[in-house]
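Here's a walk through one protein–DNA model, from the DNA side to the places where the chains meet. Have the structure open and follow along.

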2 protein chains.
Amino acid sequence: MSDEAPWLDEAEMTTWLALIGVVMRLPGALEVQLRRDADLNHFEYCVLVGLEHAEGGTMRMSDLAFLCNGSLSRLSHVARRLESEGLIERFACPDDGRSTLARLTDDGRERLAQAAPGHVLLVRSLVFDELDDTEMRQMGEFAKRVLARIQA
Amino acid sequence: MSDEAPWLDEAEMTTWLALIGVVMRLPGALEVQLRRDADLNHFEYCVLVGLEHAEGGTMRMSDLAFLCNGSLSRLSHVARRLESEGLIERFACPDDGRSTLARLTDDGRERLAQAAPGHVLLVRSLVFDELDDTEMRQMGEFAKRVLARIQA
DNA sequence: CCTGAATCGTTGAACCTTCAACGAACCTAG
DNA sequence: CTAGGTTCGTTGAAGGTTCAACGATTCAGG
């Protein structure tokens with residue numbers, strides 16, 4: 001871990017409170033819009049976006065779960081819901097009998113199109129409108145470095 | 001909202017993916033330690049910490065919910081659990097008959113003491129060890145500005 | 001006062017996530 | 001070949017959060 005002083009000093013505490021505030025409140029803020037525009041929660045939206053960016057709209061469940069920052073179990077439950085709504089479909093991977101592939105359907109793309117414009121507008125209004133280009137890149141770099149530690 | 005271009009450019013997307021990665025994975029990373037050391041989830045921990053920093057270890061439910069970045073309903077359910085474990089107690093507010101005050105008990109303080117050292121160490125190892133002092137303050141400032149937008 | 005609106009907190013049901021257990025497929029060493 | 005370990009995904013149960021509805025209290029205006 002670390003060999004530094006045990007508690008956070010004032011500047012660290014200020015930073016931590018702001019960071020944890022964003023972490024706790026951002027998902028809820030995003031979900032209001034997603035629920036209203038496309039009846040999706042944020043994780044479901046991530047799943048659809050992940051598939052949309054994939055080759056052939058298709059991705060392995062494990063890879064998709066990692067990309068969406070969720071557990072495989074979580075994805076499995078969500079995939080069942082999305083499949084029952086006809087937004088994705090699942091089928092066995094021809095190369096590896098253990099794997100399952102998920103593919104975005106046309107209905108899924110359509111649902112995504114309902115959600116995406118409002119989502120991007122909201123993300124802009126909450127984050128990118130507040131930061132100039134330099135700040136935005138710095139923020140991204142910091143987040144990337146912290147994320148690397150969390151994933152390890 | 002915003003009148004800018006509808007989609008995120010590459011730099012914005014990189015930033016967004018890193019940010020959302022932290023947002024989605026940080027709570028889980030913190031909860032492993034809290035569960036192990038003190039059998040608490042992150043929101044319960046925030047509640048106890050919030051009370052510890054308050055005058056007399058006492059705070060109004062509404063204020064506590066805001067401080068902990070959660071809904072009042074969520075806090076109410078959690079408070080019932082914490083009270084049944086003897087970590088907090090609730091009583092009517094003498095000044096306003098609608099309000100309920102929550103107070104940290106000695107057992108609550110003890111439980112917090114089990115969790116806190118490991119928590120701080122983990123927070124350091126995930127976030128503050130990665131950033132120098134200038135970067136840490138910048139990150140805090142960015143987060144504070146974004147948080148202000150989310151809260152509005 | 002008195003009435004309507006707003007605030008505060010709780011509750012139960014619906015929903016979602018986590019966790020542990022499991023079966024199936026693959027891989028590797030002997 | 002095959003036995004043991006690993007990876008992959010699913011499942012059901014347990015636990016936590018959200019949502020809408022509610023009762024109680026306070027506040028503002030007439």
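A polar contact here is a pair of N or O atoms within 3.5 Å. Keep in mind that this is a predicted model, and that the distances below come from its coordinates.

## Around DNA strand D

Let's begin with a pair that fits that cut-off. In chain A, the side chain of A:Ser73 places an N or O atom 3.1 Å from a base oxygen of DNA strand D. Chain B reaches a base too: a polar side-chain atom of B:His77 is 3.0 Å from a base oxygen of DNA strand D. B:Arg74 goes for the backbone of the DNA instead, with a polar side-chain atom 2.6 Å from a phosphate oxygen of strand D.

Now the wider picture. Around DNA strand D there are 20 residues, and the ones that come nearest are A:Ser62, A:Arg90, B:Ser73, B:Arg74 and B:Arg98. Of the strand D atoms that come within 4 Å of the protein, 69% belong to sugar and phosphate. Which helices each supply at least two residues of this surface? They are α3 (61-67) and α4 (72-84) of chain A, along with α4 (72-84) of chain B. The largest share, five residues, comes from α4(B). By type, the surface near DNA strand D has ten polar residues, seven charged and three nonpolar.

## The loop between α1 and α2

Next, look at the loop that joins α1 (10-38) to α2 (42-53) in chain A, where you'll find A:Asp39. Its phi is near 50°, a positive value in a residue other than glycine. Is A:Asp39 buried or exposed? Neither, quite: its relative accessible area is 43%, so A:Asp39 counts as partly exposed.

Chain B has B:Asp39 in the loop between its own α1 (10-38) and α2 (42-53). B:Asp39 isn't a glycine either, yet its phi is positive, at about 50°. With a relative accessibility of 42%, B:Asp39 is partly exposed.

B:Asn41 sits in the loop between α1 and α2 of chain B as well. Why does B:Asn41 count as buried? Because its relative accessibility is 16%, and the cut-off for buried is under 20%. The side chain of B:Asn41 has two backbone nitrogens to talk to: a polar atom lies 3.1 Å from the one in B:Phe43, and the side chain reaches the one in B:Glu44 at 2.8 Å. Not counting residues up to four places away in sequence, B:Asn41 also touches B:Glu31, B:Leu34, B:Arg35 and B:Arg81.

## Buried residues between the chains

Two residues make good landmarks for where chains A and B meet. One is B:Thr15, in helix α1 of chain B; at 4% relative accessibility, B:Thr15 is buried. A polar atom of the B:Thr15 side chain lies 3.3 Å from the backbone oxygen of A:Met136. Leaving aside neighbours within four places in sequence, the contacts of B:Thr15 are A:Phe128, A:Met136, A:Arg137, A:Met139 and A:Gly140.

The other is A:Phe142, in helix α6 (residues 133-151) of chain A. A:Phe142 has a relative accessible area of 2%, so it's buried. Beyond neighbours within four places in sequence, A:Phe142 is in contact with B:Leu131, B:Glu135, B:Gln138, B:Met139 and B:Phe142.

## How the helices cross

Where α1(A) packs on helix α5 (residues 106-128) of chain B, the angle is about 80° and the axes are 12 Å apart. That angle makes α1(A) roughly perpendicular to α5(B). From α1(A) come A:Glu12, A:Thr15, A:Trp16 and A:Leu19, and they meet B:His119, B:Val123, B:Arg124, B:Val127 and B:Phe128 of α5(B). That contact is made up of five nonpolar residues, two polar and two charged.

Helix α5 (residues 106-128) of chain A has a partner across the way: its axis and that of helix α6 (residues 133-151) of chain B come within 8 Å and cross at roughly 130°. That makes α5(A) oblique to α6(B). Here A:Ser125, A:Leu126 and A:Val127 of α5(A) meet B:Val146, B:Arg149 and B:Ile150 of α6(B). In this contact of α5(A) with α6(B), four residues are nonpolar, one is polar and one is charged.

Technical notes. Residues numbered from 1 in each chain as written. Chains lettered and ligands numbered in written order. Predicted model: local features only at pLDDT ≥ 70, side-chain atom pairs only at ≥ 80, totals over all residues. Heavy atoms only, no water. Helix = DSSP H or I, 4+ residues; strand = E, 2+ residues; numbered from the N terminus. Buried < 20%, exposed > 50% of the residue type's maximum accessible area, 1.4 Å probe, protein only. Near = heavy atom within 4 Å. Polar contact = N/O pair within 3.5 Å; in protein donor to acceptor, adjacent residues only side chain to side chain. Nonpolar A, V, L, I, M, F, W, Y, C, P; charged D, E, K, R; others polar. Contact = heavy atoms within 4.5 Å. Axes fitted to C-alpha atoms, helices over the stretch in contact; angles between N-to-C directions. Parallel < 35°, antiparallel > 145°, perpendicular 65-115°, else oblique.
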